[in-house]
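Dear colleague,

Please find the structure below, handed over for your own work. The findings follow directly after it.

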Amino acid sequence: MKFYSLNNKAPNVSFDTAVINGIAPDKGLYFPEEINALPSSFFENIESLSNEEIAFTAIQQFVSGIVPDDVLKNILKEVLDFDFPVVEITPNIGTLELFHGPTMAFKDVGARFMAQCLGYFSRSTKNEVTVLVATSGDTGGAVANGFLGVEVVNVVILYPSGKVSDIQERQLTTMGENITALEVDGTFDDCQAMVKNAFLDKELLDHMKLTSANSINVARWLPQLFYFLFAYKQAKSKGKEIVFSVPSGNFGNICAGLVAQRLGMPVKHFIAATNVNDTVPQFMLTKAYNPKPSTATISNAMDVGDPSNFIRIRHLFQDDFEALQKNLSSYPFDDETTKEALKEIYNINGYIADPHGAVGYLGLKKYQEQHPNTYGIFLETAHPVKFLDIVEETLHEKLEIPAQIQKVMGKDKKSIRIANYEELKSFLKN
Ligand SMILES: *Cc1c(COP(=O)(O)O)cnc(C)c1O
């Protein structure tokens, strides 16, 4: 299958070129030429399939002709070697825990899938590729872990000094090998601006092959559709119509859910829950898309004022607002309400959510006020320990540090400090 640019001014490309380019030469996001529905028997019998079998069937059409079936099976085996349980909160609400991977953030699956694909594409050419990525926290750790030891791929991660949590910093600065962490004197926006500069720097691009590892990249975006299928498999026996509430920042995860729906997965509705960065909730009210600078919140992985994947969602519905509205609602919540939700969930059955999951829970509750007879699943996108201070101080509970996290706590941080684009460029050229 080929992928086209949403700006329509670049050639259609195969899966490997879309992954290596990251973004099309006309700066558009890549989108698959077709999304072919799977046979209804697949959904009828989904309980009898393993996660690897489900994922294989779902993604095969997008990579066919480029990644052979046996290679794809091996990649999926490595990528999906942990659990994705739906944990019951109330009889009508479950949470899909996406944090059982190596860095305890849901980005592990996409980052590992992309890393394995890039490694495979570069196997014969031995052409080095450099993955350049800016992180406000969780992306960097997942990318560092996913790409560690992948031959001919070098990873350079920019993060704002003093503005990521201690755990997050260790996850991206203690890897070594083909992973380098650049500690930037500045904000996340500064990091992102430098990365954008690099992608536009012709002189640099003549010198090296650069690609990105955020959810703009189709190899990081598409595998996220597995989550919704894994959840459907577990929730189907409830016998109710299913709705998903997804805590959203760049809207890649929820867009992948909408692709799963296009594959034929029976789902009644999606809720995109956000923090006060409410560009999409406002759009769903007013039909006007007004991006704005981001505001810092306690669910910081969603502090996005201009969500990069929303264009893919609009495209999926051919920019038909009424059709989109039938499938998607979007609500914003502030930090105080989010903390109240953390307490509320804890008081129901002792479940400890993280601030992002709590935003998802709030979106679901709001939707279910009008649609009580549904089974709602909110996505838990990070382990609460990754937001230790805020969760402990809100719940007055001490959290246990899981083994994955303890492992990095003892390692030494290694980073290179930079302050501006010239320093980034000279680092990359050498
Ligand atoms: C990245 C992230 C999100 C947002 O996901 P998008 O695909 O960007 O909408 C939500 N929660 C956590 C913990 C994340 O790391």
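**Ligand contacts and helix packing**

A polar backbone atom of Asn250 lies 2.8 Å from an oxygen atom of the ligand. Please note that this is a predicted model. Two further residues make backbone approaches to ligand oxygen. For Phe251, a backbone N or O atom is 2.9 Å from an oxygen atom of the ligand, and for Gly252 the corresponding distance between a backbone N or O atom and a ligand oxygen atom is 3.2 Å. In total, 15 residues surround the ligand, and those that come nearest are Lys107, Gly249, Asn250, Phe251 and Thr381.

Three helix pairs are described next, beginning with one whose residue range includes a residue already named above.

Helix α11 spans residues 225–235 and helix α12 spans residues 252–262; their axes come within 7 Å and cross at roughly 60 degrees. The two helices are therefore oblique to each other, and their crossing is right-handed. On the α11 side the contact is made by Leu225, Tyr227, Phe228 and Leu229, and on the α12 side by Asn253, Ile254, Ala256, Gly257, Val259 and Ala260. By class, these residues divide into eight nonpolar and two polar, with no charged residue in the contact of α11 with α12.

The second pair is formed by helix α5 (residues 107–121) and helix α6 (residues 138–147), whose axes come within 8 Å and cross at roughly 40 degrees. As angles under 35 degrees count as roughly parallel, α5 and α6 are therefore classed as oblique to each other. The passage of α5 across α6 is right-handed. From α5, the residues Lys107, Asp108, Ala111, Arg112, Met114, Ala115 and Leu118 take part, meeting Asp138, Thr139, Ala142, Val143, Gly146 and Phe147 of α6. The contact of α5 with α6 comprises seven nonpolar, two polar and four charged residues. Lys107 thus appears both in this contact and among the residues that come nearest to the ligand.

The third pair consists of helix α3 (residues 51–63) and helix α4 (residues 69–79), which pack at an angle of about 130 degrees with their axes 10 Å apart. That angle makes α3 oblique to α4, and α3 passes α4 in a right-handed crossing. Glu52, Ala55, Phe56, Ile59, Gln60 and Val63 of α3 meet Asp69, Leu72, Lys73, Leu76 and Lys77 of α4. Six nonpolar, one polar and four charged residues make up the contact of α3 with α4.

With kind regards

Key. Residues are numbered from 1 along each chain as its sequence is written. This is a predicted model: local features need pLDDT of at least 70, side-chain atom pairs count only at pLDDT 80 or more; totals for chains, interfaces and linings use all residues. Side-chain values use heavy atoms; hydrogens and water are left out. Axes are lines fitted to C-alpha atoms, for helices over the stretch in contact, and angles run from 0 to 180 degrees between N-to-C directions. Helices (H or I, at least four residues) and strands (E, at least two) are DSSP runs, numbered from the N terminus. Angles under 35 degrees count as roughly parallel, over 145 as roughly antiparallel, 65 to 115 as roughly perpendicular and the rest as oblique. A crossing is left-handed if the near helix is turned anticlockwise from the far one by less than a right angle, and right-handed if clockwise. Contact means heavy atoms within 4.5 Å. Ala, Val, Leu, Ile, Met, Phe, Trp, Tyr, Cys and Pro count as nonpolar, Asp, Glu, Lys and Arg as charged, and the others, Gly among them, as polar. A residue is near a molecule or strand if one of its heavy atoms lies within 4 Å of it. A polar contact is a pair of N or O atoms within 3.5 Å; within protein, one must be able to donate a hydrogen and the other to accept it, and residues adjacent in sequence count only if both atoms are side-chain atoms.
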